Amino acid sequence: MQRRKIALIGECMIELNGIPFGAMTQSYGGDVLNSAVYLARAGGKKFDVHFVTVMGTDPLSEGMISSWQQEGINTSLVLRDNAHQPGLYLIQLDEKGERTFLYWRNNSAARYLLQNPDYPRLRQQLQYMDVLYLSGISLAILPEHDRQLLLIDLKKLSSEGKVIFFDSNYRPALWGNKTQARECYQQMYVITDIALVTDDDEASLWGDMSTEESFHRLKSMGVKQAIIKAGEQGCFYRDLSGCYATQHIKTQPVTPVVDTTSAGDAFNAGFIAGLLNGKSIHDSALMGHQLAGVVIQHKGAIIPQTVTQGITASFFNSNEIGDEFY
């Protein structure tokens, strides 16, 4: 059985979770890296999950890379930078498990991805991938010139038949202004096969008042298929290549909600794993909901591997590999 090769392009940072000057735990996380971890867990031996980023040569970088390898992530496309280290963020939670973040990432190694001397080699290796995945944060952290170069590379890879998933994951603090973000996203959506967006982000960046408005806009921008995540309401899916009806895939309420960090990242991983494993849109979204539902009942972006094993093992009991994209 040939393993699907999936490259996830993004950033991983050191995570501090807790109370300033009080009890605090150290881990790591980043939206795309979180999805890579959960995708590797869900895909098992069926997927070859590559994380694409830049890390330093410091002990923390070494420790994180070692941890990813233990998760089954292929780190051959992780570039190294002697002059920069990973960024850092602090999570603070309220009584409902909702989080606020403080970031120290302006000079992180991942920001210099396209300036790394090994990037040309990495770019060649992306030609051998089947699927590419990135987020709005993957683009936002790059300098403007580098961002445009990456978009050019992604456009060429799309023309070569790579399937592209894009999570808009809009973070205003990472962009100069909304116009800059919109122009970048418009370029990205033209080459996006499946957009994974969130209703709150679409309202914040585009002013959308409904999922219908978001679907209409995404279709006009060239997106082929779209999932709109809507928190407790579940998600909405539509094939935008024609006049198709919207599917509403509901989620089951879970308690207690301890930490909503990486809920969307876990959903994306479950959904993509299901889809590439031959599951329907509906069943793939249910897998995403189930995985996210478990993640939010634990602290931190990446929860213990033993907690997710039962879900992924029971859901992916088929040897069928989906071929709807190939």
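**Aromatic pairs, a helix crossing and selected residues**

Both Phe-166 and Tyr-185 are buried in this predicted model. Ring pairs join these two residues with Trp-175 and Tyr-189 in a cluster. Across the structure, eight aromatic pairs are found. A convenient way to describe such a pair is by the distance of the ring centres together with the angle of the planes.

One of the pairs is formed by Tyr-89 and Tyr-103, with ring centres 5.9 Å apart. Because the planes of Tyr-89 and Tyr-103 stand at 35°, the pair is classed as tilted; the tilted class lies between the stacked limit of 30 degrees and the edge-to-face limit of 60. Tyr-89 belongs to strand S6 (residues 88-93) and Tyr-103 to strand S7 (residues 99-104), so this pair ties together parts that are 14 residues apart in sequence. What is the relative accessibility of each of the two tyrosines? For Tyr-89 the value is 3%, and the residue therefore counts as buried. For Tyr-103 the value is 36%, which makes the residue partly exposed. The ring of Tyr-103 has a further partner in Arg-105, whose charged end sits over the ring, 4.7 Å from its centre.

The pair of Phe-166 and Tyr-185 can be described in the same terms. At which angle do the planes of these two rings stand? The angle is 90°, so the pair is edge-to-face, and the ring centres are 5.5 Å apart. Distant parts of the chain are linked here: Phe-166 is in strand S9 (residues 163-167) and Tyr-185 is in helix H6 (residues 178-189), 19 residues apart.

The loop between S9 and H6 is also the place of Asn-169. Although Asn-169 is not a glycine, its phi is positive, at about 30°. With a relative accessible area of 7%, Asn-169 is buried. Asn-169 is touched by Asp-201, a residue of helix H7 (residues 199-206). Is Asp-201 buried or exposed? The relative accessibility of Asp-201 is 11%, so the residue counts as buried. Leaving out residues up to four places away in sequence, Asp-201 touches Tyr-170, Arg-171 and Trp-206 as well as Asn-169.

Attention now turns to a helix pair. The axes of helix H9 (residues 263-276) and helix H10 (residues 281-295) come within 7 Å and cross at roughly 145°. The crossing of H9 and H10 is right-handed. On the H9 side, the contact is made by Ala-263, Ala-266, Phe-267, Gly-270, Phe-271, Gly-274 and Leu-275. Contributions from H10 include Ile-281, Ser-284, Ala-285, Met-287, Gly-288, His-289 and Leu-291. How many of the residues in this contact are charged? There are no charged residues, while 11 are nonpolar and five are polar.

His-289 lies in helix H10 and has a relative accessible area of 10%, so it is buried. Beyond its neighbours within four places in sequence, His-289 is in contact with Phe-267, and also with Gly-234, Cys-235, Ile-249, Lys-250 and Thr-251.

Two of these partners, Phe-267 and Cys-235, are also touched by Ile-227. Ile-227 is part of strand S11 (residues 225-229). Its relative accessibility is 0%, so Ile-227 counts as buried. With residues up to four places away in sequence not counted, Ile-227 touches Ala-195, Leu-196, Val-197, Cys-235, Phe-236, Tyr-237, Phe-267 and Phe-271. Phe-267 and Phe-271 also take part in the contact of H9 with H10. Although Ile-227 and Thr-198 are 29 residues apart along the chain, their C-alpha atoms are separated by 8.2 Å.

Finally, the loop between strand S13 (247-249) and H9 offers some backbone detail. Pro-256 lies in this loop, and the peptide bond leading to Pro-256 from Thr-255 is cis, with omega near -5°. Ser-262 is placed in the loop between S13 and H9 too. Ser-262 is not a glycine, yet its phi is positive, at about 70°. With a relative accessible area of 3%, Ser-262 is buried.

Terms used:
Residues are numbered from 1 along each chain as its sequence is written. This is a predicted model: local features need pLDDT of at least 70, side-chain atom pairs count only at pLDDT 80 or more; totals for chains, interfaces and linings use all residues. Side-chain values use heavy atoms; hydrogens and water are left out. Rings of Phe, Tyr and Trp (its six-membered ring) pair if their centres lie within 6.5 Å; planes under 30 degrees apart count as stacked, over 60 as edge-to-face and the rest as tilted. Helices (H or I, at least four residues) and strands (E, at least two) are DSSP runs, numbered from the N terminus. Buried means under 20% relative accessible area, exposed over 50%, partly exposed in between (1.4 Å probe, protein chains only). A charge sits over a ring if NZ of Lys or CZ of Arg is within 6 Å of the ring centre and within 35 degrees of the ring normal. Axes are lines fitted to C-alpha atoms, for helices over the stretch in contact, and angles run from 0 to 180 degrees between N-to-C directions. A crossing is left-handed if the near helix is turned anticlockwise from the far one by less than a right angle, and right-handed if clockwise. Contact means heavy atoms within 4.5 Å. Ala, Val, Leu, Ile, Met, Phe, Trp, Tyr, Cys and Pro count as nonpolar, Asp, Glu, Lys and Arg as charged, and the others, Gly among them, as polar.
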